[in-house]
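Visitor: I have a structure in front of me and do not know where to start. Can you walk me through it?

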Amino acid sequence: MMKAYTPELRQKVMALSPELKATIQKLHAGHPRRAKETNLRQIMHEILSEYQSIASAVATDNAEQAAEAARRLASHRIPKGGLLAYFPLDKVNDDDMGVLPAMNTAVEGSALKLAAAADAGDMALAASYMSDIMTGCVACHQKFRGVPGNSAYLMTPQSK
């Protein structure tokens, strides 16, 4: 993946600690499915679709659907170029990237717990993991995505 990175991103990645690089490599290794052309925004839409499928399944007491959708969410594809290519350059550092394992546990770990609960027929427990998944999603978005709808490239209109 590094070959596809710009020199600026390559430099930021190389400056990460060996421990964090190993952690990120481990996160990537946990997702053997790689997108050929799909970007991170598209992968996020796929994850949202799986989350919505889980919600529908929980609402209709469909344990099989909930478990399968949760497993698909947890085993999402890695976008073209890997995850780091989509983070703002100023966030590619040990402090900011260091939160990724906890966020990954909140989202994917909770999805796997939800699947296990649904497999066991405990839909109330399965439903309880939905908020943990969403909490992880929102935390990651707040940390890395910025404020949706706001752009530093728009001029604010003058007041009358």
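Guide: We will go from the overall fold to the cores, then to single residues and charged pairs. Keep in mind that this is a predicted model.

Visitor: How many helices and strands are in the chain?

Guide: Begin with the list of elements. This chain has 7 helices and 0 strands. From the N terminus on, the order reads α-α-α-α-α-α-α. The C-alpha trace spans about 55 × 50 × 30 Å along its principal axes.

Visitor: What share of the contacts joins residues at least 24 apart?

Guide: Count the contacts between residues at least 6 apart in sequence. Of these, 72% join residues at least 24 apart.

Visitor: What share of the residues is buried?

Guide: Of the 160 residues in the chain, 35% are buried. The accessible surface comes to about 10,000 Å², and carbon and sulfur atoms hold 57% of that.

Visitor: Which residues have the most contacts inside the largest nonpolar core?

Guide: A core is read as a set of buried nonpolar residues joined through their side chains. The largest one here has 25 residues, and I54, A66, L73, L114 and I133 have the most contacts inside it. Helices α3 (40–59), α4 (63–74), α6 (100–119) and α7 (123–145) each give two or more residues to this core. A second, separate core has 17 residues, including Y5, L84, M97 and L100.

Visitor: What does L114 touch?

Guide: Leave out residues up to four places away in sequence. L114 then touches I54, A66, A70, A126, Y129, M130 and I133.

Visitor: Is F87 in the loop between α4 and α5 buried or exposed?

Guide: Read the relative accessibility; under 20% is buried. F87 has 13%, so it counts as buried. Beyond its sequence neighbours, F87 is in contact with V92, M97, L100 and F144. Its C-alpha atom is 9.7 Å from that of L40, though the two are 47 residues apart along the chain.

Visitor: What about H76?

Guide: H76 is found in the loop between α4 and α5 (94–97). H76 counts as buried because its relative accessibility is 11%. Among its contacts beyond four places in sequence are H31, R33 and E108.

Visitor: Which salt bridges should I look at?

Guide: Side chains of opposite charge can pair when their charged atoms come close. The count here is 6 salt bridges. Take E37 and K80, whose closest N and O atoms are 3.2 Å apart. This pair links distant parts of the chain, with E37 in the loop between α2 (18–29) and α3, and K80 in the loop between α4 and α5. E37 is exposed at 59%, while K80 is partly exposed at 39%.

Visitor: Which parts of the chain does the pair E46 and R77 tie together?

Guide: Here the closest N and O atoms of E46 and R77 are 2.3 Å apart. E46 lies in helix α3 and R77 in the loop between α4 and α5, so the pair ties together parts 31 residues apart in sequence. R77 counts as buried at 19%, and E46 as partly exposed at 32%.

Visitor: Where do E68 and R71 lie?

Guide: Both lie in helix α4, 3 residues apart, about one turn of the helix. Their side chains meet in a salt bridge of 3.0 Å, N to O. E68, R71 and D119 are joined into one network by salt bridges that share partners.

Visitor: Which residue has a positive phi although it is not a glycine?

Guide: Check the backbone angle. D61 has a positive phi of about 55°. D61 sits in the loop between α3 and α4, and its 58% relative accessibility makes it exposed.

How values were computed. Residues numbered from 1 in each chain as written. Predicted model: local features only at pLDDT ≥ 70, side-chain atom pairs only at ≥ 80, totals over all residues. Heavy atoms only, no water. Core = buried A, V, L, I, M, F, W, Y, C linked by side-chain atoms within 4.5 Å. Buried < 20%, exposed > 50% of the residue type's maximum accessible area, 1.4 Å probe, protein only. Helix = DSSP H or I, 4+ residues; strand = E, 2+ residues; numbered from the N terminus. Contact = heavy atoms within 4.5 Å. Areas by Shrake-Rupley, 256 points an atom, 1.4 Å probe, with all protein chains shown as cover. Salt bridge = Lys/Arg side-chain N within 4 Å of Asp/Glu carboxyl O.
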